[in-house]
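Please open the structure in your viewer and follow the stops below in order. At each stop, make the suggested selection before reading on.

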There are 2 protein chains.
Amino acid sequence: MYKFIPMNSFTEENYLKAIYKLTEQTDSEVSTNSIAKKMSTKAATVTDMLKKLSLKKSIHYQKYQGVSLTTSGKKIAVNIIRKHRLWEFFLVKKLNFKWDQVHGIAEELEHIHSNELTEKLDRFLGFPKFDPHGDPIPDGDGKFHNTKSQLLEEAVLNKSYIITGVVDHSSSFLQYLDSAGIVLGKEIKVKERALYDKSLQAQLSGKKVFISNEVAKNILVSKK
Amino acid sequence: MYKFIPMNSFTEENYLKAIYKLTEQTDSEVSTNSIAKKMSTKAATVTDMLKKLSLKKSIHYQKYQGVSLTTSGKKIAVNIIRKHRLWEFFLVKKLNFKWDQVHGIAEELEHIHSNELTEKLDRFLGFPKFDPHGDPIPDGDGKFHNTKSQLLEEAVLNKSYIITGVVDHSSSFLQYLDSAGIVLGKEIKVKERALYDKSLQAQLSGKKVFISNEVAKNILVSKK
DNA sequence: ATAATTTTTTAGACTAATCTAAATTTTTAT
DNA sequence: ATAAAAATTTAGATTAGTCTAAAAAATTAT
(Lines give C-alpha, C1' and ligand atoms only; values in the text may rest on other atoms or scores of the structure.)
Protein backbone atom coordinates (compact mmCIF):
# COMPACT_ATOMS: atom_id res chain seq x y z
CA MET A 1 0.00 0.00 0.00
CA TYR A 2 1.29 3.37 -1.00
CA LYS A 3 1.46 6.01 1.66
CA PHE A 4 2.17 9.63 0.84
CA ILE A 5 4.97 10.97 2.96
CA PRO A 6 4.92 14.78 2.95
CA MET A 7 8.40 16.18 2.48
CA ASN A 8 9.65 18.50 5.16
CA SER A 9 11.00 21.86 4.07
CA PHE A 10 14.51 22.94 5.02
CA THR A 11 12.92 25.28 7.52
CA GLU A 12 10.88 22.57 9.19
CA GLU A 13 13.94 20.34 9.33
CA ASN A 14 15.94 23.11 10.95
CA TYR A 15 13.28 23.67 13.59
CA LEU A 16 13.20 19.96 14.41
CA LYS A 17 16.98 19.90 14.67
CA ALA A 18 16.94 22.94 16.94
CA ILE A 19 14.27 21.39 19.18
CA TYR A 20 16.25 18.16 19.33
CA LYS A 21 19.42 19.95 20.38
CA LEU A 22 17.64 22.06 22.98
CA THR A 23 15.95 18.97 24.38
CA GLU A 24 19.34 17.27 24.61
CA GLN A 25 20.79 20.23 26.51
CA THR A 26 17.98 20.83 28.96
CA ASP A 27 16.48 17.35 28.98
CA SER A 28 12.93 18.70 29.24
CA GLU A 29 10.24 20.55 27.29
CA VAL A 30 11.73 23.44 25.33
CA SER A 31 10.35 26.96 25.25
CA THR A 32 9.27 29.09 22.34
CA ASN A 33 11.84 31.71 23.28
CA SER A 34 14.74 29.30 23.41
CA ILE A 35 13.85 28.05 19.93
CA ALA A 36 13.56 31.62 18.69
CA LYS A 37 17.02 32.40 20.02
CA LYS A 38 18.55 29.26 18.51
CA MET A 39 16.92 29.92 15.14
CA SER A 40 17.73 33.64 15.18
CA THR A 41 14.08 34.48 14.64
CA LYS A 42 11.15 35.90 16.57
CA ALA A 43 8.93 34.10 19.09
CA ALA A 44 5.83 34.84 16.99
CA THR A 45 7.42 33.10 14.03
CA VAL A 46 8.23 30.11 16.20
CA THR A 47 4.66 29.85 17.43
CA ASP A 48 3.41 29.63 13.86
CA MET A 49 5.90 26.91 13.03
CA LEU A 50 5.06 24.96 16.18
CA LYS A 51 1.43 24.83 15.10
CA LYS A 52 2.49 23.49 11.75
CA LEU A 53 4.88 20.89 13.17
CA SER A 54 2.21 19.85 15.63
CA LEU A 55 -0.30 19.31 12.82
CA LYS A 56 2.29 17.14 11.09
CA LYS A 57 2.74 15.20 14.32
CA SER A 58 6.43 15.94 14.54
CA ILE A 59 6.09 17.59 17.97
CA HIS A 60 3.90 17.51 21.05
CA TYR A 61 2.64 21.03 21.54
CA GLN A 62 0.20 22.62 23.96
CA LYS A 63 -0.17 26.39 23.94
CA TYR A 64 2.06 28.03 26.54
CA GLN A 65 3.39 24.65 27.68
CA GLY A 66 6.53 24.16 25.62
CA VAL A 67 7.27 21.43 23.12
CA SER A 68 8.92 18.05 22.76
CA LEU A 69 9.55 15.85 19.75
CA THR A 70 7.33 12.93 18.86
CA THR A 71 8.99 9.67 17.89
CA SER A 72 8.71 10.57 14.22
CA GLY A 73 9.96 14.14 14.81
CA LYS A 74 12.95 12.78 16.67
CA LYS A 75 13.67 10.39 13.84
CA ILE A 76 13.71 13.25 11.36
CA ALA A 77 15.97 15.35 13.59
CA VAL A 78 18.44 12.55 14.20
CA ASN A 79 18.60 11.82 10.48
CA ILE A 80 19.49 15.45 9.77
CA ILE A 81 22.23 15.24 12.39
CA ARG A 82 23.44 11.97 10.88
CA LYS A 83 23.71 13.57 7.47
CA HIS A 84 25.35 16.70 8.84
CA ARG A 85 28.07 14.73 10.57
CA LEU A 86 28.66 12.33 7.71
CA TRP A 87 29.09 15.26 5.33
CA GLU A 88 31.46 16.98 7.77
CA PHE A 89 33.53 13.83 7.88
CA PHE A 90 33.54 13.71 4.09
CA LEU A 91 34.56 17.35 3.78
CA VAL A 92 37.48 17.01 6.19
CA LYS A 93 38.72 13.51 5.40
CA LYS A 94 38.13 13.40 1.65
CA LEU A 95 38.15 16.99 0.46
CA ASN A 96 40.78 18.28 2.89
CA PHE A 97 38.78 21.02 4.46
CA LYS A 98 39.89 22.21 7.89
CA TRP A 99 37.60 21.31 10.79
CA ASP A 100 36.71 24.96 11.29
CA GLN A 101 35.48 25.40 7.69
CA VAL A 102 32.87 22.68 7.35
CA HIS A 103 29.95 23.61 9.53
CA GLY A 104 28.23 26.01 7.16
CA ILE A 105 28.61 23.75 4.15
CA ALA A 106 27.26 20.76 6.08
CA GLU A 107 24.27 22.89 7.10
CA GLU A 108 23.36 22.93 3.43
CA LEU A 109 24.29 19.33 2.63
CA GLU A 110 22.31 17.93 5.56
CA HIS A 111 19.08 18.76 3.71
CA ILE A 112 19.74 16.60 0.67
CA HIS A 113 16.91 14.12 0.81
CA SER A 114 18.04 10.81 -0.68
CA ASN A 115 18.33 8.06 1.93
CA GLU A 116 20.24 5.95 -0.53
CA LEU A 117 22.78 8.75 -0.78
CA THR A 118 23.22 8.83 2.97
CA GLU A 119 23.74 5.08 3.16
CA LYS A 120 26.18 4.99 0.25
CA LEU A 121 28.09 7.95 1.65
CA ASP A 122 28.30 6.21 5.02
CA ARG A 123 29.71 3.09 3.35
CA PHE A 124 32.13 5.13 1.21
CA LEU A 125 33.46 6.81 4.34
CA GLY A 126 33.92 3.47 6.11
CA PHE A 127 31.02 3.86 8.56
CA PRO A 128 32.68 6.51 10.72
CA LYS A 129 31.50 6.72 14.33
CA PHE A 130 32.57 10.31 15.06
CA ASP A 131 32.68 13.50 13.03
CA PRO A 132 35.76 15.78 12.85
CA HIS A 133 34.71 17.56 16.04
CA GLY A 134 34.34 14.32 17.95
CA ASP A 135 30.55 14.30 17.88
CA PRO A 136 29.03 10.83 17.49
CA ILE A 137 27.43 9.97 14.16
CA PRO A 138 24.13 8.13 14.68
CA ASP A 139 23.68 4.99 12.59
CA GLY A 140 20.87 4.36 10.13
CA ASP A 141 18.54 3.40 12.99
CA GLY A 142 19.29 6.58 14.91
CA LYS A 143 21.48 4.87 17.49
CA PHE A 144 24.45 6.83 18.84
CA HIS A 145 27.76 5.16 19.57
CA ASN A 146 28.13 6.69 22.99
CA THR A 147 31.32 7.25 24.90
CA LYS A 148 31.41 8.70 28.35
CA SER A 149 33.41 11.85 27.97
CA GLN A 150 33.94 14.70 30.43
CA LEU A 151 35.17 18.26 30.36
CA LEU A 152 38.92 18.77 30.48
CA GLU A 153 38.05 21.38 33.13
CA GLU A 154 37.16 18.53 35.46
CA ALA A 155 40.06 16.23 34.67
CA VAL A 156 41.85 14.63 37.61
CA LEU A 157 45.48 15.78 38.07
CA ASN A 158 48.20 13.51 36.69
CA LYS A 159 45.79 11.18 35.00
CA SER A 160 45.99 10.48 31.26
CA TYR A 161 43.09 11.39 29.02
CA ILE A 162 42.43 11.37 25.27
CA ILE A 163 41.04 14.51 23.68
CA THR A 164 37.76 13.39 22.13
CA GLY A 165 35.70 16.44 21.30
CA VAL A 166 34.75 20.07 21.68
CA VAL A 167 31.78 21.88 23.18
CA ASP A 168 32.24 25.18 21.36
CA HIS A 169 32.14 24.55 17.59
CA SER A 170 32.97 28.09 16.50
CA SER A 171 35.68 28.62 13.90
CA SER A 172 37.58 30.92 16.23
CA PHE A 173 37.72 28.32 18.98
CA LEU A 174 38.74 25.54 16.59
CA GLN A 175 41.42 27.74 15.06
CA TYR A 176 42.72 28.54 18.50
CA LEU A 177 42.98 24.81 19.27
CA ASP A 178 44.91 24.30 16.02
CA SER A 179 47.33 27.06 16.91
CA ALA A 180 47.82 25.54 20.37
CA GLY A 181 48.43 22.06 18.93
CA ILE A 182 45.32 20.71 20.65
CA VAL A 183 44.12 17.97 18.32
CA LEU A 184 41.49 15.26 18.75
CA GLY A 185 43.00 11.89 19.61
CA LYS A 186 46.03 13.31 21.42
CA GLU A 187 46.85 12.30 24.97
CA ILE A 188 46.73 14.95 27.65
CA LYS A 189 47.65 14.96 31.34
CA VAL A 190 46.86 17.87 33.64
CA LYS A 191 49.81 18.58 35.92
CA GLU A 192 48.57 21.66 37.78
CA ARG A 193 45.37 23.61 38.27
CA ALA A 194 45.61 27.23 39.46
CA LEU A 195 43.13 27.92 42.23
CA TYR A 196 42.69 31.53 41.25
CA ASP A 197 41.48 31.19 37.64
CA LYS A 198 41.25 27.40 37.24
CA SER A 199 43.78 27.57 34.42
CA LEU A 200 45.71 24.40 33.69
CA GLN A 201 49.30 23.39 33.09
CA ALA A 202 49.22 20.20 31.09
CA GLN A 203 51.40 17.71 29.26
CA LEU A 204 50.39 17.37 25.60
CA SER A 205 52.44 14.97 23.45
CA GLY A 206 55.53 15.64 25.50
CA LYS A 207 55.21 19.43 25.54
CA LYS A 208 54.02 21.59 28.39
CA VAL A 209 50.97 23.68 27.54
CA PHE A 210 48.95 26.33 29.32
CA ILE A 211 45.18 26.05 29.02
CA SER A 212 42.79 28.69 30.36
CA ASN A 213 39.61 27.61 32.08
CA GLU A 214 37.61 29.23 29.29
CA VAL A 215 39.26 26.77 26.89
CA ALA A 216 39.24 23.78 29.29
CA LYS A 217 35.47 24.16 29.67
CA ASN A 218 35.12 23.58 25.94
CA ILE A 219 37.28 20.51 25.50
CA LEU A 220 35.97 16.99 25.96
CA VAL A 221 38.24 14.15 27.07
CA SER A 222 37.79 10.54 27.98
CA LYS A 223 39.83 8.33 30.29
CA LYS A 224 42.72 6.63 28.57
CA MET B 1 35.71 47.53 -1.31
CA TYR B 2 32.94 45.26 -0.18
CA LYS B 3 30.22 44.50 -2.65
CA PHE B 4 27.05 42.74 -1.59
CA ILE B 5 26.29 39.84 -3.84
CA PRO B 6 22.64 38.84 -3.49
CA MET B 7 22.25 35.10 -3.24
CA ASN B 8 20.06 33.47 -5.84
CA SER B 9 17.30 31.20 -4.64
CA PHE B 10 17.11 27.61 -5.84
CA THR B 11 14.20 28.68 -7.99
CA GLU B 12 16.08 31.50 -9.65
CA GLU B 13 19.02 29.17 -10.27
CA ASN B 14 16.70 26.64 -11.88
CA TYR B 15 15.18 29.24 -14.16
CA LEU B 16 18.63 30.39 -15.27
CA LYS B 17 19.68 26.81 -15.90
CA ALA B 18 16.50 26.19 -17.93
CA ILE B 19 17.05 29.33 -19.99
CA TYR B 20 20.66 28.33 -20.59
CA LYS B 21 19.68 24.89 -21.84
CA LEU B 22 16.90 26.23 -24.04
CA THR B 23 19.27 28.81 -25.52
CA GLU B 24 21.77 26.05 -26.22
CA GLN B 25 19.12 24.00 -28.03
CA THR B 26 17.53 26.73 -30.11
CA ASP B 27 20.47 29.10 -30.24
CA SER B 28 18.23 32.16 -30.02
CA GLU B 29 15.93 34.10 -27.67
CA VAL B 30 13.76 31.73 -25.67
CA SER B 31 10.02 32.08 -25.17
CA THR B 32 8.01 32.29 -21.99
CA ASN B 33 6.07 29.20 -22.99
CA SER B 34 9.15 27.09 -23.60
CA ILE B 35 10.47 28.01 -20.16
CA ALA B 36 7.09 27.20 -18.62
CA LYS B 37 7.13 23.79 -20.23
CA LYS B 38 10.71 23.06 -19.14
CA MET B 39 10.00 24.18 -15.58
CA SER B 40 6.63 22.39 -15.41
CA THR B 41 4.94 25.62 -14.43
CA LYS B 42 2.57 28.20 -15.92
CA ALA B 43 3.46 30.99 -18.34
CA ALA B 44 2.15 33.60 -15.88
CA THR B 45 4.55 32.33 -13.25
CA VAL B 46 7.41 32.54 -15.71
CA THR B 47 6.57 36.14 -16.59
CA ASP B 48 6.85 37.12 -12.94
CA MET B 49 10.19 35.40 -12.60
CA LEU B 50 11.50 36.98 -15.80
CA LYS B 51 10.80 40.42 -14.36
CA LYS B 52 12.71 39.50 -11.26
CA LEU B 53 15.68 38.03 -13.10
CA SER B 54 15.72 41.06 -15.36
CA LEU B 55 15.87 43.41 -12.36
CA LYS B 56 18.81 41.38 -11.09
CA LYS B 57 20.46 41.73 -14.49
CA SER B 58 20.70 37.99 -15.02
CA ILE B 59 18.67 38.13 -18.26
CA HIS B 60 17.84 40.50 -21.09
CA TYR B 61 14.07 40.79 -21.16
CA GLN B 62 11.65 42.90 -23.16
CA LYS B 63 7.95 42.20 -22.79
CA TYR B 64 6.66 39.82 -25.46
CA GLN B 65 10.12 39.58 -27.00
CA GLY B 66 11.65 36.52 -25.33
CA VAL B 67 14.75 36.37 -23.17
CA SER B 68 18.46 35.68 -23.27
CA LEU B 69 21.04 35.42 -20.51
CA THR B 70 23.37 38.27 -19.63
CA THR B 71 27.03 37.50 -19.09
CA SER B 72 26.48 37.23 -15.37
CA GLY B 73 23.34 35.12 -15.78
CA LYS B 74 25.21 32.76 -18.05
CA LYS B 75 28.01 32.50 -15.51
CA ILE B 76 25.53 31.48 -12.82
CA ALA B 77 23.87 28.91 -15.10
CA VAL B 78 27.16 27.35 -16.18
CA ASN B 79 28.29 27.12 -12.58
CA ILE B 80 25.12 25.22 -11.68
CA ILE B 81 25.75 22.85 -14.57
CA ARG B 82 29.37 22.46 -13.46
CA LYS B 83 28.27 21.49 -9.97
CA HIS B 84 25.54 19.19 -11.26
CA ARG B 85 27.95 17.24 -13.43
CA LEU B 86 30.73 17.08 -10.84
CA TRP B 87 28.28 15.68 -8.29
CA GLU B 88 26.98 13.15 -10.82
CA PHE B 89 30.54 12.04 -11.40
CA PHE B 90 31.06 11.75 -7.65
CA LEU B 91 27.86 9.76 -7.15
CA VAL B 92 28.71 7.26 -9.88
CA LYS B 93 32.46 6.94 -9.51
CA LYS B 94 32.82 7.24 -5.75
CA LEU B 95 29.50 6.16 -4.28
CA ASN B 96 28.70 3.47 -6.86
CA PHE B 97 25.37 4.78 -7.99
CA LYS B 98 24.15 3.67 -11.40
CA TRP B 99 24.12 6.35 -14.10
CA ASP B 100 20.33 6.27 -14.20
CA GLN B 101 19.98 7.04 -10.48
CA VAL B 102 21.94 10.23 -10.09
CA HIS B 103 20.06 12.98 -11.86
CA GLY B 104 17.55 13.78 -9.14
CA ILE B 105 20.13 13.78 -6.38
CA ALA B 106 22.44 16.03 -8.39
CA GLU B 107 19.51 18.41 -8.93
CA GLU B 108 19.61 18.99 -5.19
CA LEU B 109 23.40 18.99 -4.78
CA GLU B 110 23.92 21.51 -7.60
CA HIS B 111 22.49 24.23 -5.37
CA ILE B 112 25.05 23.92 -2.59
CA HIS B 113 26.67 27.33 -2.63
CA SER B 114 30.30 27.01 -1.54
CA ASN B 115 32.74 27.69 -4.36
CA GLU B 116 35.53 26.24 -2.29
CA LEU B 117 33.53 23.03 -2.09
CA THR B 118 33.18 22.88 -5.85
CA GLU B 119 36.88 23.40 -6.39
CA LYS B 120 37.91 20.86 -3.78
CA LEU B 121 35.42 18.34 -5.12
CA ASP B 122 36.79 18.87 -8.62
CA ARG B 123 40.34 18.21 -7.38
CA PHE B 124 39.23 15.18 -5.34
CA LEU B 125 37.63 13.70 -8.45
CA GLY B 126 40.77 14.31 -10.52
CA PHE B 127 39.37 17.18 -12.61
CA PRO B 128 37.04 15.05 -14.71
CA LYS B 129 36.14 16.41 -18.15
CA PHE B 130 32.90 14.47 -18.69
CA ASP B 131 30.09 13.34 -16.44
CA PRO B 132 28.71 9.77 -16.39
CA HIS B 133 26.38 10.55 -19.30
CA GLY B 134 29.20 11.93 -21.42
CA ASP B 135 28.25 15.57 -20.95
CA PRO B 136 31.23 17.93 -20.69
CA ILE B 137 31.99 19.42 -17.28
CA PRO B 138 32.83 23.13 -17.59
CA ASP B 139 35.96 24.24 -15.74
CA GLY B 140 36.07 26.92 -13.06
CA ASP B 141 36.08 29.64 -15.72
CA GLY B 142 33.03 28.21 -17.45
CA LYS B 143 34.97 26.79 -20.39
CA PHE B 144 33.72 23.53 -21.87
CA HIS B 145 36.09 20.86 -23.07
CA ASN B 146 34.37 20.35 -26.38
CA THR B 147 34.44 17.30 -28.58
CA LYS B 148 32.69 17.11 -31.88
CA SER B 149 30.24 14.30 -31.44
CA GLN B 150 27.39 13.22 -33.69
CA LEU B 151 24.30 11.08 -33.47
CA LEU B 152 24.76 7.35 -33.94
CA GLU B 153 21.76 7.70 -36.26
CA GLU B 154 24.00 9.51 -38.73
CA ALA B 155 27.06 7.28 -38.43
CA VAL B 156 28.74 6.23 -41.66
CA LEU B 157 28.53 2.49 -42.40
CA ASN B 158 31.53 0.35 -41.51
CA LYS B 159 33.34 3.16 -39.80
CA SER B 160 34.47 2.85 -36.17
CA TYR B 161 33.08 5.21 -33.55
CA ILE B 162 33.34 5.55 -29.77
CA ILE B 163 30.13 5.92 -27.79
CA THR B 164 30.52 9.24 -25.99
CA GLY B 165 27.15 10.32 -24.69
CA VAL B 166 23.38 10.30 -24.67
CA VAL B 167 20.72 12.78 -25.72
CA ASP B 168 17.87 11.32 -23.68
CA HIS B 169 18.85 11.27 -20.00
CA SER B 170 15.78 9.44 -18.71
CA SER B 171 16.25 6.49 -16.37
CA SER B 172 14.29 4.24 -18.70
CA PHE B 173 16.53 5.01 -21.65
CA LEU B 174 19.71 4.59 -19.61
CA GLN B 175 18.45 1.30 -18.20
CA TYR B 176 17.68 0.13 -21.70
CA LEU B 177 21.23 0.92 -22.78
CA ASP B 178 22.57 -1.05 -19.81
CA SER B 179 20.45 -4.03 -20.72
CA ALA B 180 21.65 -3.82 -24.31
CA GLY B 181 25.31 -3.58 -23.26
CA ILE B 182 25.62 -0.11 -24.74
CA VAL B 183 28.19 1.59 -22.51
CA LEU B 184 30.06 4.88 -22.89
CA GLY B 185 33.60 4.40 -24.17
CA LYS B 186 32.84 1.27 -26.17
CA GLU B 187 33.62 1.05 -29.84
CA ILE B 188 30.76 0.64 -32.29
CA LYS B 189 30.60 0.06 -36.03
CA VAL B 190 27.35 0.23 -38.00
CA LYS B 191 27.18 -2.62 -40.51
CA GLU B 192 23.72 -2.09 -41.96
CA ARG B 193 20.95 0.49 -41.95
CA ALA B 194 17.41 -0.62 -42.85
CA LEU B 195 15.82 1.78 -45.28
CA TYR B 196 12.33 1.15 -43.96
CA ASP B 197 12.73 2.12 -40.28
CA LYS B 198 16.37 3.32 -40.19
CA SER B 199 17.16 0.63 -37.65
CA LEU B 200 20.79 -0.42 -37.38
CA GLN B 201 22.76 -3.65 -37.26
CA ALA B 202 26.02 -2.87 -35.53
CA GLN B 203 29.15 -4.44 -34.15
CA LEU B 204 29.63 -3.67 -30.43
CA SER B 205 32.68 -5.18 -28.72
CA GLY B 206 32.61 -8.19 -31.03
CA LYS B 207 28.88 -8.86 -30.73
CA LYS B 208 26.19 -8.08 -33.24
CA VAL B 209 23.50 -5.77 -31.90
CA PHE B 210 20.25 -4.40 -33.24
CA ILE B 211 19.56 -0.73 -32.55
CA SER B 212 16.27 0.95 -33.43
CA ASN B 213 16.30 4.43 -34.90
CA GLU B 214 14.53 5.69 -31.77
CA VAL B 215 17.56 4.58 -29.78
CA ALA B 216 20.17 5.59 -32.39
CA LYS B 217 18.78 9.13 -32.35
CA ASN B 218 19.64 9.34 -28.67
CA ILE B 219 23.21 8.04 -28.71
CA LEU B 220 26.20 10.29 -29.30
CA VAL B 221 29.39 8.97 -30.87
CA SER B 222 32.65 10.45 -32.04
CA LYS B 223 35.04 9.26 -34.70
CA LYS B 224 37.61 6.83 -33.45
C1' DA C 1 -2.71 37.34 46.91
C1' DT C 2 -2.23 40.44 43.80
C1' DA C 3 0.68 43.43 41.04
C1' DA C 4 4.59 43.57 37.93
C1' DT C 5 7.23 41.24 34.66
C1' DT C 6 8.11 37.93 31.30
C1' DT C 7 6.67 34.72 27.95
C1' DT C 8 3.71 33.33 24.51
C1' DT C 9 0.14 33.84 21.31
C1' DT C 10 -2.83 36.40 18.13
C1' DA C 11 -3.69 39.78 14.59
C1' DG C 12 -2.44 41.90 10.65
C1' DA C 13 1.03 42.76 7.15
C1' DC C 14 4.95 41.61 3.82
C1' DT C 15 7.75 38.83 0.23
C1' DA C 16 8.59 34.90 -2.89
C1' DA C 17 6.67 31.68 -5.69
C1' DT C 18 2.86 29.89 -7.34
C1' DC C 19 -2.01 29.61 -9.47
C1' DT C 20 -6.46 30.87 -12.52
C1' DA C 21 -8.90 33.97 -15.25
C1' DA C 22 -9.03 37.92 -17.98
C1' DA C 23 -6.80 41.30 -20.90
C1' DT C 24 -3.43 42.44 -24.27
C1' DT C 25 -0.03 41.78 -27.85
C1' DT C 26 1.92 39.14 -31.48
C1' DT C 27 1.61 35.82 -35.02
C1' DT C 28 -0.80 33.24 -38.46
C1' DA C 29 -4.07 32.50 -41.90
C1' DT C 30 -7.27 33.69 -45.04
C1' DA D 1 -5.38 43.65 -44.29
C1' DT D 2 -7.99 42.08 -41.06
C1' DA D 3 -9.90 38.25 -38.40
C1' DA D 4 -8.71 34.21 -35.72
C1' DA D 5 -5.51 31.88 -32.99
C1' DA D 6 -1.67 31.64 -30.05
C1' DA D 7 1.42 33.60 -26.81
C1' DT D 8 2.19 36.65 -23.19
C1' DT D 9 1.20 39.67 -19.57
C1' DT D 10 -1.71 41.61 -15.89
C1' DA D 11 -4.81 41.21 -12.02
C1' DG D 12 -6.10 39.13 -8.10
C1' DA D 13 -5.58 34.96 -4.97
C1' DT D 14 -3.00 31.47 -2.19
C1' DT D 15 0.71 29.36 0.75
C1' DA D 16 5.08 29.35 3.49
C1' DG D 17 7.81 31.84 6.23
C1' DT D 18 8.71 35.91 8.19
C1' DC D 19 7.88 40.47 10.77
C1' DT D 20 5.85 44.12 14.40
C1' DA D 21 2.54 45.44 17.65
C1' DA D 22 -0.95 44.24 20.74
C1' DA D 23 -3.36 40.93 23.66
C1' DA D 24 -3.37 37.09 26.74
C1' DA D 25 -1.36 33.76 29.84
C1' DA D 26 2.11 32.29 33.01
C1' DT D 27 5.59 33.35 36.25
C1' DT D 28 7.83 36.11 39.75
C1' DA D 29 8.09 39.24 43.42
C1' DT D 30 6.49 41.79 46.93
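Begin by selecting chain A and chain B of this predicted model. Between them, 21 residues of chain B are in contact with 21 residues of chain A. The area buried between the two chains is about 1,700 Å², and carbon and sulfur atoms give 75% of that area. Next, highlight B:Leu95, B:Glu108 and B:Lys120, which supply 28% of the area that chain B buries against chain A, more than any other three residues.

Remain at this interface and colour the helices of chain B. Helix 4 (71–93), helix 5 (103–109) and helix 6 (115–124) each supply at least two residues of the side of chain B that touches chain A. Helix 6 gives the most to this side, with five residues. By class, the side of chain B that touches chain A has twelve nonpolar, five polar and four charged residues. Across the interface there are zero salt bridges, whereas four residue pairs are in polar contact.

Now select DNA strand D. Of the 22 residues around this strand, A:Ser9, A:Thr41, A:Thr45, A:Lys52 and B:Tyr61 come nearest. Sugar and phosphate make up 78% of the strand D atoms that come within 4 Å of the protein.

Which helix gives the most to the surface near DNA strand D? The answer is helix 3 of chain A, with five residues.

For the last stop, display the side chains of B:Thr32 and B:Thr47. An N or O atom in the side chain of B:Thr32 is 2.9 Å from a phosphate oxygen of DNA strand D. A polar side-chain atom of B:Thr47 also lies 2.9 Å from a phosphate oxygen of this strand.

Technical notes
Residues are numbered from 1 along each chain as its sequence is written. Chains are lettered from A and ligands numbered from 1 in the order in which they are written. This is a predicted model: local features need pLDDT of at least 70, side-chain atom pairs count only at pLDDT 80 or more; totals for chains, interfaces and linings use all residues. Side-chain values use heavy atoms; hydrogens and water are left out. Contact means heavy atoms within 4.5 Å. Buried area is the accessible area (1.4 Å probe) that two parts lose on being put together, summed over both. A salt bridge is a side-chain nitrogen of Lys or Arg within 4 Å of a carboxyl oxygen of Asp or Glu. A polar contact is a pair of N or O atoms within 3.5 Å; within protein, one must be able to donate a hydrogen and the other to accept it, and residues adjacent in sequence count only if both atoms are side-chain atoms. Helices (H or I, at least four residues) and strands (E, at least two) are DSSP runs, numbered from the N terminus. Ala, Val, Leu, Ile, Met, Phe, Trp, Tyr, Cys and Pro count as nonpolar, Asp, Glu, Lys and Arg as charged, and the others, Gly among them, as polar. A residue is near a molecule or strand if one of its heavy atoms lies within 4 Å of it.
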